[in-house]
Each structure stands twice: as C-alpha cells, then as structure tokens.
Amino acid sequence: MSNLLNLELVSKSYGVRPLLTEVSLGVGEGDRIGIVGRNGDGKTTLLEVMTGLEEPDTGRVSRRRGLEIGYLHQGDELIDTHSVREAVLGGLADHEWAARTVTREVVEELLAGIPLDRAVVGLSGGERRRCSLAALLLGEHDLLVLDEPTNHLDVEAVAWLAAHLRARDSALVVVTHDRWFLDEVCQWTWEVHDGVVDVYEGGYAAFTLAKAERMRQASAAELRRQNLVRKELAWLRRGPPARTSKPKFRIDAANALIDDVPPPRDRLELERFATQRLGKDVVDLEDVDLVRGERTLLSHATWRLGPGDRVGIVGVNGAGKTSVLNLLSGAVAPQAGRVRHGRTVKLAHLTQAIDEVDPDARVLATVEDIRRVSKTLDGRELSATSLLERFGFTGDRLTARLGDLSGGERRRFQLLKLLLEEPNVLLLDEPTNDLDIETLTVLEDFLDGWPGTLVVVSHDRYFLERVTDSTWALLGDGQVSMLPRGVDEYLERRSAQLGATKEPPAWAREGRASDASEERARTSVPRPGDAVTDGDPGSTPKAKAGSAEERAARKTLARLDKRLEKIAEREAELNALVLEHATDHQRLAEISAELATLSAEKDEVELEWLEVAEVLE
C-alpha cells in the first residue's frame, strides 16, 4: 500500500529556532495518527508543512497525485457575510441536506442550537469552530488533518466525533491534547520534540508505555520527567484493561517501573488533611433556584460538598456548568434558596477568561511577590523557581515579560498563581484549555497531593476521570445528579433522554425525505392531525388531497425517481464494462464492487419510494 504523503529529510526553522530537523515520515491510506508534544515544539508547523501551507527550508514533501486534503486550522476561514447554511451546507435547503443521512447526523450533532440562517459574523468563537468542523466533515477527503478538533466541544460531542472518525475510510492526522480522544481514535502517535518526531504504535496509553520503556533503556537521564511518566503509568494500569491490550512491544519491562508506585492519591489520607484544614462544612446549596435569562438551570436543588471531595461536573454546552461554579464561588446569587460556605473555606476559582496582567512584569518576579517558598503535603519546600520549572517555565522563560507569553503560557501562569494562594477549595472551569499533555500531567501530579475540595468542569474526559472521584451531571431537570458510573453513565442517560424527547422525523411536513427506518418509526404512531386509514391503529397515515403533506410526498417521489434513473444508467454502463474487461481480473473486481454498492443503494431507494407512495394511496 503506497503512502498518501511523505516527508523526506524535512527541516523547518523560525528565526534561529529549529522546529523540525531532517524529519522523515509517511501517512498511509487509512492511517489514524495523533500528534502530541509541548506547546511551541512544532506540532502545527508540522501540519502546515504536510498540507503545503508552509514550504520546508530543506528536504522534500511528496503527495499522491489527486490527493484531497481537508485541513481544520486552529483559526477558521469562514466568510462573515455568509449564513451558517451557506458556510457549512453550500446553501442547501432543509429538505435537501436532511435527505442525506451523513449530512443530517453532522448537522444535528455539531450545529445543534445554531440557526442555519444566522449570519456567521454574529457567531461566538466556539460556534465558529463547530461550523468549520462540520463543513470539513461534510466534504470528501482522502486525508483529514485536524488541529485541536475537540476545542469547544462538550463530552458528548467529543464522544460522537471519535465514533464518526473511526467509521470514516479517510486517513487522519490530528493534533490534540485530549488523551481519551487519542486512545479512542488513533493507531499511531507521533511525539514532536527538540526538532525530531518519534513514532509510537497505538494511542495515548500505548505511547505512555512505549515512552517509559525507551526511558528505561536510556537509564534515568531525565529523572523528573520519568517520575511523572511512572505515575501516569500507575493511573493507566488501574484503568480499563483494554488500554494495555494492543501495544506490541514488551509491556513487562514498562510495568516493572511502577511496581513500587503507590496509588495516584491516598483518598482517605487527603480527606483527613482536608478535614483538619476545612472543618466539616465546605459549600452547601440548599433548595436553590438559579435562572439565567429565560432559562431555569436549577430548581429547588440541594447539593453538599464535603472536605476532600473531588467532583467533576458534566453537561452539554449551555447546561449551566459555568453558572453553577459561579454560584459555588459566590460570583452570582441564587434566585431562591441559599449558598452556605464553611467558616474556614478559602476558595479559588479558575475561570475560562485569561486574567489581565501587567505586560511589563516578569514571570519569576511576579511569582516571588506572591510566595517565594511553598510547602507540599509531606513537608517538602519548593522555591518559586522550582514551581515555575514544573509548569514549563525554564531558561529564558523564567524572566520573560508577561506580555510576551503565549496563550498556553498565560493559562499555565494563571493556574500557578491561583495554586500559590494555597486555597482549600478549588473550582476549575475548563482548566485544560491551551495546556499541552506534559503540563496536564504536572497539574494532575500536583492535584494528587492537594488536600482540599476540588470541583472541575471540563470537556477533557481523561483529565476529569483522572483527578476526580465522583461525577455529577446537569441533565436539564433542574438538579445536580450523581452518576455512579461516571461519564459512561452520562452518555447513556443523554442518549436515552434524546431518544425519548426527539420528535420523529417529519419529512412530509417539512418537505424532506428521511431514512426508511425512521419513516417506519414515524408512521407507526400517528400524530394529531394525520389522516389515518381504516384498519390497524398503526397503519400508515394517508396524506389528504391538496395538503402540504401530499405536495411534499410527490416532490420526494420525483427526487427518488430521478435517483433510480441514475442508478439504472450507471448499472448499464458497468454491465457494458464487464464485457469490455472480461480478461482483466483486477478491473472486473473493481466493477463488481461498484455494482454491489449500487445494488444496495437501489434497494434502499426503492424501499423509501414504496413507503412514500403508500402515503399517497
């Protein structure tokens, strides 16, 4: 199998800093590759060189002739004067895009809550991102290149995207810090660091194990980083067994690294310390109503947070997760009920907004103004320099101006300042935004030994499961509901919720065709206003003469007739080709495969035709 794309001894620098040095890689048909590495190490540069947006300084990039590449940038290329319908669907009317199963699924999952005729110029950053992703997924591409595709997606949408990408035939190269997503989707992992790209087989779990094995073989050159990887291995080993079932390298040697590693955290010990610092009362919501605009987020809700609780909150975008954190912090007041804080509570709240800073202030000096020395739970002292280095500020970045920090660096700095205040209740709203995987493992390591009450809102499922002990959900019923089985239970309950509340497709009323299976489900239970023939209550509703239902049905029949004509024409062409290539076995196999596909499509169209025709009888 030939590669779709090859890099041969490619080098690329910005200024005096080399990001890629004589890198040679290939992407084959059907490959699914995840790219990881620290912020600024060259992940996006690698994508731009692969796709041709940037030319390498030296070396060669070759692409298969006719290769169709779809590239999701971190920005977007939407035109402000377009509507969402024009930007994503090319202006298709509802009955046109809804007639296509794949198109309908993408629109319903990614554009839920976004009016299709709304102007692009008025969309939020998250809505623009979802529109760009939807437009890309609706195209036909041999290779999809995605730069942080899970940004602005909730847990439910990330799970859908992973399943969607697994089902596609196209090759995939994705840069993401979402480790759960890497494990679900990717067959290979590329790590970009120090100008080189290391290749590992498998997703994030396999990458972690293989990296630990390489580090073991190379002794302990970077002891601090190795300890972090060992702790990560301890977490992975306690996770689902499937995580370690696929790697083909020798796992025993990697497991030997963690034989003496304790659990990531001693929950009882942390709770004991938290109780000493906090007392028995932390934050209580008592019979609370919370209303934002016209939406009721909480109704007579009671929820209590105790000392040492480590809680994750999930819910769809707009469910009110950020509002609940603001309620807990005291930033907003409830419309009814009360929020009670314990007397010893010292609360810190990491919001999604980046703090305003003095652009001329320096990193190290600002941290030392807050606290020069911090103590860990076991009594060890850490200097401000050591803490900054743990969070990725090394070398000249220690004395960098705050105004010169990147978005990811500013997010890390904001988080570190918050932790230096030594709170005993910590509220984190999407803390993983703009953080690379290495920084996330540092943060997780820090939280492992932090003896306080933790509440996390995050779309990063891996981080959520890694740092919390219980999961709670906002399911739209006005309550904060505990989920004993975590995110998996949340997805199951959301799926059941949608199945119970979703109105059956009404192509006849809206002038669009649905799948035959959905049409059978729709017609099995007549709705008020439907004309029903005599006989069984479950018989197909018949359209009234001259009604909108009849006009829509006749329009659908006309479309299906045209589709059947095209299928018949193509079948005739293929049958002629069979005679023409009677001795070419390879070509015959290709023709037979296309004939089989056409036959299956013909069966589906004919079934839909019959069901629509039944409405007109």
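Begin the tour by selecting L111, L137, L165, F181 and L426, which touch the most other members of the largest nonpolar core, a set of 91 residues. The model on display is a predicted one. Next, colour helix α6, which gives the most to this core, with 8 residues. Then display domain 1 (1-207) alongside domain 2 (277-371 + 386-492): both give residues to the core, so the core lies between them. Another core, of 26 residues, lies apart from this one; V282, L328, W472 and L474 are among its residues.

**The whole chain**

Step back to the full view. The protein has 617 residues, and 49% of them are buried. Its secondary structure comprises 22 helices and 20 strands. Among contacts between residues at least 6 apart in sequence, 67% join residues at least 24 apart. The accessible surface is about 29,200 Å², and carbon and sulfur atoms account for 49% of that area.

**L426 and its contacts**

Return to L426, one of the core residues selected at the start. Setting aside residues up to four places away in sequence, L426 touches A348, L418, L419, L447, W450, T453, L454 and V455. Showing these side chains together gives the surroundings of L426 on the domain 2 side, since domain 2 is assigned as 277-371 + 386-492.

**Helix α5**

Now select residues 125-137, which form helix α5. How far apart are the end C-alpha atoms of this helix? They are 19 Å apart; at 1.5 Å a residue, the 13 residues should span 18 Å, so the two values agree. Of these 13 residues, 11 are buried, and the helix is therefore described as mostly covered, with buried meaning under 20% relative accessible area. The buried set consists of G126, E127, R128, R129, R130, C131, S132, L133, A134, L136 and L137. To see what covers them, add β5 (69-72), α2 (84-89), α4 (101-110), β6 (143-147) and α6 (155-167), against which the buried residues of α5 pack. L137, buried in α5, is also one of the core residues that touch the most other members.

**Two cysteines**

Within α5, centre on C131, a buried residue with a relative accessible area of 1%. Move on to C186, which counts as buried at 8% relative accessibility. How many disulfides does a search of the whole structure find? The search finds 0.

**Helix α13**

Select residues 363-370 to display helix α13, where V363 is placed. V363 counts as buried, at 0% relative accessibility. Leaving aside neighbours within four places in sequence, V363 is in contact with L388, F393, R397, L398, A400, L402, L405 and F413. For a distance label, use the C-alpha atoms of V363 and R401, which are separated by 6.4 Å although the two residues are 38 residues apart along the chain.

Stay in helix α13 and select T366. Is T366 buried or exposed? With a relative accessible area of 17%, T366 is buried. Not counting residues up to four places away in sequence, T366 touches A361, L402, F413 and K417. L402 and F413 also appear in the contact list of V363. T366 and F413 are 47 residues apart in sequence, and their C-alpha atoms are 9.9 Å apart in space.

**Helix α1**

Go to residues 43-51, helix α1, and select T44. T44 is partly exposed, with a relative accessible area of 27%. Beyond residues up to four places away in sequence, T44 touches Y71, Q74 and D147. The C-alpha atoms of T44 and D147 are 7.1 Å apart, whereas the residues are 103 residues apart along the chain. Y71 falls within β5 (69-72) and D147 within β6 (143-147), two of the elements against which α5 packs.

**Two loops with positive phi**

Finish with two loop residues. Select H152 in the loop between β6 and α6. Phi of H152 is near 75 degrees, a positive value in a residue other than glycine. At 43% relative accessibility, H152 counts as partly exposed.

The second is D434, in the loop between β17 (425-429) and α16 (437-448). Its phi is near 70 degrees, again positive in a residue other than glycine. D434 is partly exposed, with a relative accessible area of 43%.

Note on methods: Residues are numbered from 1 along each chain as its sequence is written. This is a predicted model: local features need pLDDT of at least 70, side-chain atom pairs count only at pLDDT 80 or more; totals for chains, interfaces and linings use all residues. Side-chain values use heavy atoms; hydrogens and water are left out. Helices (H or I, at least four residues) and strands (E, at least two) are DSSP runs, numbered from the N terminus. The expected span of a helix is 1.5 Å times one less than its number of residues. Buried means under 20% relative accessible area, exposed over 50%, partly exposed in between (1.4 Å probe, protein chains only). Contact means heavy atoms within 4.5 Å. Accessible areas come from the Shrake-Rupley method with a 1.4 Å probe; for residues, only the protein chains shown count as cover. A disulfide is a pair of cysteine sulfur atoms within 2.5 Å. A nonpolar core is a set of buried Ala, Val, Leu, Ile, Met, Phe, Trp, Tyr and Cys residues joined through side-chain atoms within 4.5 Å. Domain bounds come from an automatic or database domain assignment.
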